[in-house]
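User: I have a model open and want to learn how to read it. Can you take me through the features one at a time?

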Amino acid sequence: DVARGEGFTAPTAPTKTGYTFAGWYLGDVQYNFGTPVTGDLTLKAKWTPNTDTKYTVEVYLENAEQDGVYEKSAEHSKTLTGTTGASIDLNAAGGFIATLQIEGWHYDSAVKENVVTGVIAADGSLVLKVYYSKDDPVMYTVTFMNGEEQFGTPVSVSANSTVAQPS
């Protein structure tokens, strides 16, 4: 209780995960605790969302067998920060997916386990997941010619590999 006509001291600032306390408000105006009290008051805490709230993007890479089995890539997975309550879309122009280029893999939007949108939770619990499928190997056919005649059987080789000279 506060005696009529007297001011009072602000209570200890409350805390709220993911937010910064911005003060006590009477309506839309920050309350001045030196103001004499002339009646009942209801002061409300105002909160500003933190801009450094963590969220996680897990990246999964398909194995070399290209059989639909994916493993989490610690190298490519990231902990990022954003504003509490903000919407995240990893597919946005210039966003995470557009900027993460992994040689030999491509982002596969058809993988149903992808979670590419979400809202940054105050407690940092948002986890988004992106899946990259293994690229099909680039293959070349090497044909040996002896003049106008084919010599031996053509050989199929993957890009950047070597081929043995026929005997």
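User: How many helices and strands does the chain have?
Analyst: Helices (H or I, at least four residues) and strands (E, at least two) are DSSP runs, numbered from the N terminus. Here the chain has one helix and 14 strands. This is a predicted model: local features need pLDDT of at least 70, side-chain atom pairs count only at pLDDT 80 or more, and totals for chains, interfaces and linings use all residues. Residues are numbered from 1 along each chain as its sequence is written, and side-chain values use heavy atoms, with hydrogens and water left out.

User: What is the radius of gyration of the chain?
Analyst: The radius is taken over C-alpha atoms; the globule rule is 2.2 Å times the number of residues to the power 0.38. For a compact globule of 167 residues that gives near 15 Å, but this chain has 31 Å. Along the principal axes, the C-alpha atoms fill a box of roughly 110 × 25 × 20 Å.

User: Now the sheets. In what order do the strands of the open sheet lie?
Analyst: Strands of a sheet pair through backbone hydrogen bonds, either parallel or antiparallel. Two strands count as paired if DSSP finds at least two bridges between them. The open sheet here has three strands in the order S2-S1-S3, with antiparallel pairing. Its edge strands are S2 (29-30) and S3 (44-49), each pairing on one side only. Six bridges join S1 (residues 19-26) to S3. Tyr19 stands opposite Pro49 in S3.

User: Does S10 pair parallel or antiparallel with S4?
Analyst: Parallel: six bridges join S4 (residues 53-62) to S10 (residues 127-134). Leu61 has Tyr132 in S10 as its bridge partner. Strand S8 (residues 105-107) runs antiparallel to S10, joined by three bridges. There, Trp105 stands opposite Lys134.

User: Is Thr84 buried or exposed?
Analyst: Buried means under 20% relative accessible area, exposed over 50%, partly exposed in between (1.4 Å probe, protein chains only). Thr84 has 5%, so Thr84 is buried. Thr84 sits in the loop between S6 (78-82) and S7 (87-89). Across the chain, 26% of the 167 residues count as buried.

User: Which residues does Thr84 touch?
Analyst: Contact means heavy atoms within 4.5 Å. Not counting residues up to four places away in sequence, Thr84 touches Gly18, Tyr19, Pro49, Asn50, Thr53, Ile120 and Ala122. Tyr19 and Pro49 are the opposite pair from S1 and S3. In the chain, 58% of the contacts with a separation of 6 or more are between residues 24 or more positions apart.
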